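Please examine the sequence and the structure shown below before reading on. The paragraphs that follow lead through the fold step by step.

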Amino acid sequence: MKLSDFDFDLPEDRIATRPARPRSSAKLLVAEGDRISDSVVSDLPDWLRPGDRLVLNDTKVIPARLSGERRRMGAEGESSARIEATLLEPQADGTWSALVKPLKKLREGETVVFSSDLSAVLEAKADGQGRLRFNLAGEAFDAALIEAGAMPLPPYIAARRAADTQDKDDYQTIWAARSGAVAAPTASLHFDAPLLEALRARGVTFTHVTLHVGAGTFLPVKVEDVTTHRMHAEWGEVSAEAAAEIAATKAAGGRIIPVGTTALRLIETAAQGGAIAPFTGDTDIFIYPGFEFCVTDALMTNFHLPKSTLMMLVAALMGRERILRIYDHAIAEGYRFFSYGDASLLIPDMQGRNATTDGRLSR
């Protein structure tokens with residue numbers, strides 16, 4: 001498989017910089033095998049069956065983007081520099097790994113002041129990242145971060161506009177519970193309270209899992225032979241209760257439908273033994289055509305970047321040629337792409353479960 005096999009032309013004006021309002025008014029492309037239908041997210045219950053189970057990622061995005069100032073006394077007096085930091089993940093020693101820009105203007109041991117309450121010392125530099133130790137911890141840190149931080153919008157949005165206070169609501173799912181993500185599980189952003197109630201009335205059930213989405217989700221694939229790409233690791237958990245709910249639905253003949261690629265990657269990680277099981281830890285699972293799905297029957301997801309690992313994932317589910325036809329249809333019909341864009345419901349036929357590397361379908 002070549003990286004170019006997952007490329008397509010996307011007009012710039014199809015990249016959404018704001019979400020649909022209300023959330024469930026976004027467009028929904030439904031692909032059932034080779035059949036493509038155009039709908040809206042609020043009609044999702046009409047496309048599901050009683051007994052289906054949606055798997056939802058309950059990670060909570062932290063306002064991980066910080067802007068501060070470093071002051072330094074030198075021979076010519078005091079100097080200052082603006083420092084931008086995007087928090088990546090907490091470390092066992094209490095520091096945070098962070099992307100710091102410009103990292104070269106900050107020395108180890110120097111302090112960056114982000115607000116009247118929040119500051120951090122650079123303890124180390126490694127692999128182009130910084131290790132920051134903040135002056136606060138626990139609930140005090142969380143409160144100060146909410147005040148000082150901005151939502152870490154994806155690069156393709158941040159390049160077009162700055163994050164604002166509206167993003168603190170828009171870039172968070174309504175069921176977000178466990179803080180730790182620096183990117184949202186964006187397919188879940190389409191859900192609002194009326195849609196959840198309509199799904200319950202339809203007989204659809206829900207299971208919550210946690211995958212803390214990392215900034216690595218936006219890293220480009222740089223190898224032409226995609227099978228040699230190394231995925232970033234992210235922490236996730238499938239509880240014993242969640243695994244039991246998924247197993248019971250499968251046994252009863254219901255479909256397991258993760259909402260978002262993050263939920264899919266996590267439950268497939270937890271099912272690598274052949275059946276779903278409780279799981280806690282890091283996953284770097286890489287799903288591309290030829291992958292054998294153990295628990296996933298369908299997927300609700302947004303539209304992804306060309307040549308991305310997420311394009312490879314949906315190609316694994318639907319077949320490469322088929323997913324490219326789906327994307328051609330989405331572009332022709334004016335669907336909005338990426339994190340704040342529209343959604344798709346991808347339902348493979350039985351032949352589509354195991355696609356060969358060139359997109360042909362095999363039994």
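Which residues form one aromatic cluster? The cluster consists of Phe-8, Tyr-156, Phe-303, Tyr-327, Tyr-335, Phe-337 and Phe-338. The model is predicted, so to speak, by computation: local features need pLDDT of at least 70, side-chain atom pairs count only at pLDDT 80 or more, and totals for chains, interfaces and linings use all residues. Residues are numbered from 1 along each chain as its sequence is written, and side-chain values use heavy atoms, with hydrogens and water left out.The search that yields such clusters covers the whole structure and finds 15 aromatic pairs. Rings of Phe, Tyr and Trp (its six-membered ring) pair if their centres lie within 6.5 Å; planes under 30 degrees apart count as stacked, over 60 as edge-to-face and the rest as tilted. The rings of Phe-337 and Phe-338 have centres 6.0 Å apart and planes at 85 degrees, and the pair is therefore edge-to-face. Phe-337 counts as buried because its relative accessibility is 0%, and Phe-338 also counts as buried, at 6%. Here buried means under 20% relative accessible area, exposed over 50%, and partly exposed in between (1.4 Å probe, protein chains only). Another member of the cluster, Tyr-335, has the charged end of Lys-27 over its ring, 4.2 Å from the centre. A charge sits over a ring if NZ of Lys or CZ of Arg is within 6 Å of the ring centre and within 35 degrees of the ring normal.

Lys-27 leads to the strands, since strand β1 covers residues 27–32. Helices (H or I, at least four residues) and strands (E, at least two) are DSSP runs, numbered from the N terminus, and two strands pair if DSSP finds at least two bridges between them. Strands of a sheet pair through backbone hydrogen bonds, either parallel or antiparallel. Strand β1 pairs with strand β2 (residues 35–40) in the antiparallel sense over six bridges; Ala-31 has Ile-36 in β2 as its bridge partner. Two residues lie between the strands of this hairpin, in which Gly-33 takes a positive phi near 60 degrees. With strand β17 (residues 343–347), β1 pairs in the parallel sense over five bridges, and Leu-28 has Ala-343 as its bridge partner there. Strand β17 is in turn joined to β16 by four bridges in the antiparallel sense, with Met-300 opposite Leu-345.

Together, four strands form an open sheet in the order β2-β1-β17-β16, with mixed pairing. Strands β2 and β16 (299–302) stand at the edges with a single partner strand each, so one side of each is left without a neighbour in the sheet. From one strand to the next, the twist averages 20 degrees. Axes are lines fitted to C-alpha atoms, for helices over the stretch in contact, and angles run from 0 to 180 degrees between N-to-C directions.

A barrel is also present: six strands close in the order β5-β6-β7-β10-β9-β8, with antiparallel pairing. Its neighbouring strands are turned by 45 degrees against each other on average, direction ignored. Within the barrel, three bridges join β8 (residues 111–113) to β9 (residues 119–126), and Val-113 stands opposite Ser-119. Helix α2 (residues 138–148) packs on this sheet, touching β5, β6, β7 and β10, and its direction makes about 95 degrees with that of β5. Contact means heavy atoms within 4.5 Å.

Finally, the protein chain as a whole has nine helices and 17 strands. Its radius of gyration is 21 Å, close to the 21 Å that the globule rule gives for 363 residues, so the chain is as compact as a globular protein of that length. The radius is taken over C-alpha atoms, and the rule is 2.2 Å times the number of residues to the power 0.38. Of the 363 residues, 53% count as buried.
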